[in-house]
Amino acid sequence: MVYAVDNQPPHNVVIVGGGFGGLYAAKALSNANVNVTLIDKRNFHLFQPLLYQVATGTVSPADISSPLRSVLSKSKNTTVLLGEVNNIDPQAQKVFMGDEIIPYDSLILATGAKHSYFGKDEWEEHAPGLKTVEDAIEMRRRIFSAFEAAEKETNPQKRRAWMTFVVVGGGPTGVELAGAIAEIAYHTIKDDFRNIDTSEAQILLLEGLDRVLPPFAPELSQEAAVSLRRLGVTVQTNTLVTNIENDIVTIKQGDRVEQIPAHTVLWAAGVKASPLGKMLAEATDVECDRAGRVVVEPDLSVNGYPNIFVIGDLAHFSHQNGKPLPGVAPVAMQEGEYVAALIKARLRGRKLPQFRYIDRGSLAVIGQNFAVVDLGFVKLKGFLAWFTWLFIHIYFLIEFDNKLIVMVQWAWNYFTRNRGARLITGNDILTPTPETDKYYSPVASRPTVNV
Ligand SMILES: Cc1cc2nc3c(=O)[nH]c(=O)nc-3n(C[C@H](O)[C@H](O)[C@H](O)COP(=O)(O)OP(=O)(O)OC[C@H]3O[C@@H](n4cnc5c(N)ncnc54)[C@H](O)[C@@H]3O)c2cc1C
């Protein structure tokens with residue numbers, strides 16, 4: 001609790017969301033003469049860049065999660081509240097969690113984004129995305145259940161469908177997922193089954209644009225594609241998914257339409273902002289972009305409401321080069337720190353120049369010991385890039401909790417290709433729907449239709 005200074009009541013900062021943006025804002029405010037209330041619907045901060053490792057059995061969920069209370073236990077001016085904010089009153093300066101009302105002087109909204117199916121929400125049950133711990137566990141269940149089902153399947157076509165893994169979206173998450181599934185099939189579990197040869201698994205990575213890793217330099221995209229193919233992944237670019245239903249993925253490449261029977265379809269394409277963005281837009285008349293991100297001012301505030309800030313994946317900031325900043329952790333972290341500095345400066349009667357993002361580069365890992373790193377002035381690939389990737393992830397993971405042992409253990413598993421966390425939990429093992437079974441007539445193969 002902060003006490004009034006010079007007879008002024010303490011300034012209340014409410015932060016909604018304890019992801020990268022919200023957490024970094026809270027940490028940067030921990031030494032300030034303000035009361036901070038951090039609200040999150042989960043009681044932990046999730047290190048999303050390693051979610052794919054949970055989905056593919058390398059680490060357990062707890063290894064990449066840190067309880068928000070423990071991360072902020074030394075920030076004596078900060079109260080952590082567990083709850084979901086479902087309304088905002090910008091005029092009355094209040095946020096609502098159901099019946100609970102939390103007043104604020106400054107508000108920081110950092111509720112992030114989730115995957116989007118471009119209006120085809122019905123695809124979600126067939127092709128889960130990766131955003132939460134639950135999503136990762138569901139993906140892990142589907143991946144490892146598929147091999148179990150294939151082991152029991154005697155019909156070769158049906159078995160092939162169990163052994164076909166389709167990853168939609170060739171961005172960093174899709175590339176990392178596809179590479180990790182290839183590692184599993186061709187190395188980790190290759191001696192573990194008796195009726196199937198897991199190295200016959202087919203892993204398809206589908207990308208709508210003309211190259212994987214579109215945010216990276218073209219030569220690194222090229223390297224990534226070569227490395228994926230070397231791992232055994234079939235990379236298909238300029239490929240649009242037009243339907244996902246009954247364990248069949250329909251794709252379109254130019255005029256060519258193909259149907260791919262596959263029980264395991266994983267979604268790594270497209271994001272949409274948290275619904276709080278739209279809610280704020282309706283209450284303030286501020287603009288949202290097509291992905292539902294709130295268009296913010298150069299100081300990350302909302303037009304007409306200088307004490308409301310939107311940061312991270314929820315914000316559309318395009319004051320640097322006309323293009324919106326990407327939805328990556330460093331953007332959220334730097335924005336969180338900037339807004340904290342701005343609030344502190346304002347309380348001292350000072351001003352700050354507008355927010356500027358410092359881009360230190362992009363990284364993506366592809367299977368074992370290979371990564372691509374684009375630092376702008378230098379581009380790395382291969383083991384050195386992988387080591388850089390590992391170092392950066394260790395650095396940021398231990399920053400909010402002591403996870404060094406986890407990372408060392410994980411690095412060891414990585415080298416030895418061990419995936420000890422490949423548990424199948426949750427619902428029953430997948431069974432094909434009656435509609436799927438109809439597909440497997442004796443003559444059925446992967447039909448190609450020219451339109
Ligand atoms: C699978 C995956 C891999 C990624 N890999 C990388 C990578 O390698 N490198 C990189 O830089 N970036 C990566 N990203 C992107 C990065 O994780 C995001 O850009 C970053 O998390 C955005 O931070 P944020 O604070 O805006 O939102 P988030 O970190 O998503 O945090 C949002 C928080 O808000 C909470 N919340 C949401 N709604 C409410 C509500 N109504 N009330 C209360 N709380 C709420 C959530 O529980 C969550 O804790 C990845 C993302 C994913 C999903």
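Here are some exercises with worked solutions on the predicted model shown above.

**Exercise 1. The shell around the ligand**

Work out which residues come nearest to the ligand, and which elements, domains and residue classes make up the shell around it.

*Solution.*

Step 1. Start with the residues themselves. There are 27 residues around the ligand, and G21, D40, Q48, D313 and A329 come nearest.

Step 2. Sort the shell by class. It holds ten nonpolar, eleven polar and six charged residues.

Step 3. Look for the helices that contribute. The elements giving two or more residues to the shell are α1 (20–28) and α9 (329–347). With three residues, α9 supplies the largest share.

Step 4. Now turn to the domains. Domain 1 (11–41 + 83–115 + 272–347) and domain 2 (121–269 + 368–429) each give at least three residues to the shell around the ligand.

**Exercise 2. Polar atoms around the ligand**

Find the polar atoms of K41, Q48 and G327 that face atoms of the ligand, and say whether each belongs to the backbone or the side chain.

*Solution.*

Step 1. Take K41. One of its polar backbone atoms is 3.2 Å from a nitrogen atom of the ligand.

Step 2. Take Q48. Here a polar side-chain atom lies 3.0 Å from an oxygen atom of the ligand.

Step 3. Take G327. A polar backbone atom of this residue is 3.1 Å from an oxygen atom of the ligand.

Step 4. Finish with the cover. On its own the ligand has 1000 Å² of accessible area, and the protein covers 88% of this area.

**Exercise 3. A six-stranded sheet**

In what order do the six strands of the open sheet stand, and which of them are at the edges?

*Solution.*

Step 1. Write down the order. The open sheet runs β5-β2-β1-β9-β21-β20, with mixed pairing.

Step 2. Pick out the edges. β5 (78–82) and β20 (301–302) each have a single partner strand, so one side of each lacks a neighbour in the sheet.

Step 3. Begin the walk at β5. This strand runs parallel to β2 (residues 34–40), and five bridges join the two. One place to check is L38, whose bridge partner in β5 is V80.

Step 4. Move on to β1 and β9. These two strands pair in the parallel sense over four bridges. Among the positions involved, V13 has S106 as its bridge partner in β9.

Step 5. Continue from β9 to β21 (residues 305–310). The pairing is parallel again, over three bridges, and the partner of L107 in β21 is I308.

Step 6. Consider the side chains of β9. In a regular strand the side chains alternate between the two faces of the sheet. In β9 (residues 106–109), S106 and I108 point one way while L107 and L109 point the other way, and all are buried.

**Exercise 4. H11 and its contact**

Is H11 buried or exposed, and which side chain does the side chain of H11 contact?

*Solution.*

Step 1. Place the residue. H11 belongs to strand β1 (residues 11–16).

Step 2. Apply the cut-off. Buried means under 20% relative accessible area. H11 has a value of 18%, so it is buried.

Step 3. Find the contact. The side chain of H11 makes a polar contact of 2.7 Å with the side chain of S106.

**Exercise 5. A hairpin**

Describe how β24 and β25 pair and what lies between them.

*Solution.*

Step 1. Read the pairing. β24 (residues 371–374) and β25 (residues 379–382) are antiparallel and share four bridges.

Step 2. Locate one pair across the strands. V372 stands opposite K381 in β25.

Step 3. Inspect the turn. The two strands form a hairpin with four residues between them, and G376 in the turn has a positive phi of about 80°.

**Exercise 6. Positive phi outside glycine**

Compare the surroundings of Q93 and D247, two residues with a positive phi that are not glycine.

*Solution.*

Step 1. Note the angles. Phi is about 55° for Q93 and near 60° for D247.

Step 2. Place both in the chain. Q93 sits in the loop between β6 (87–89) and β7 (94–97), and D247 in the loop between β14 (240–245) and β15 (248–253).

Step 3. Assign the accessibility. Q93 counts as partly exposed because its relative accessibility is 26%, whereas D247, at 17%, is buried.

How values were computed:
Residues numbered from 1 in each chain as written. Predicted model: local features only at pLDDT ≥ 70, side-chain atom pairs only at ≥ 80, totals over all residues. Heavy atoms only, no water. Near = heavy atom within 4 Å. Polar contact = N/O pair within 3.5 Å; in protein donor to acceptor, adjacent residues only side chain to side chain. Areas by Shrake-Rupley, 256 points an atom, 1.4 Å probe, with all protein chains shown as cover. Nonpolar A, V, L, I, M, F, W, Y, C, P; charged D, E, K, R; others polar. Domains from an automatic or database assignment. Pairing = 2+ DSSP bridges. Buried < 20%, exposed > 50% of the residue type's maximum accessible area, 1.4 Å probe, protein only.
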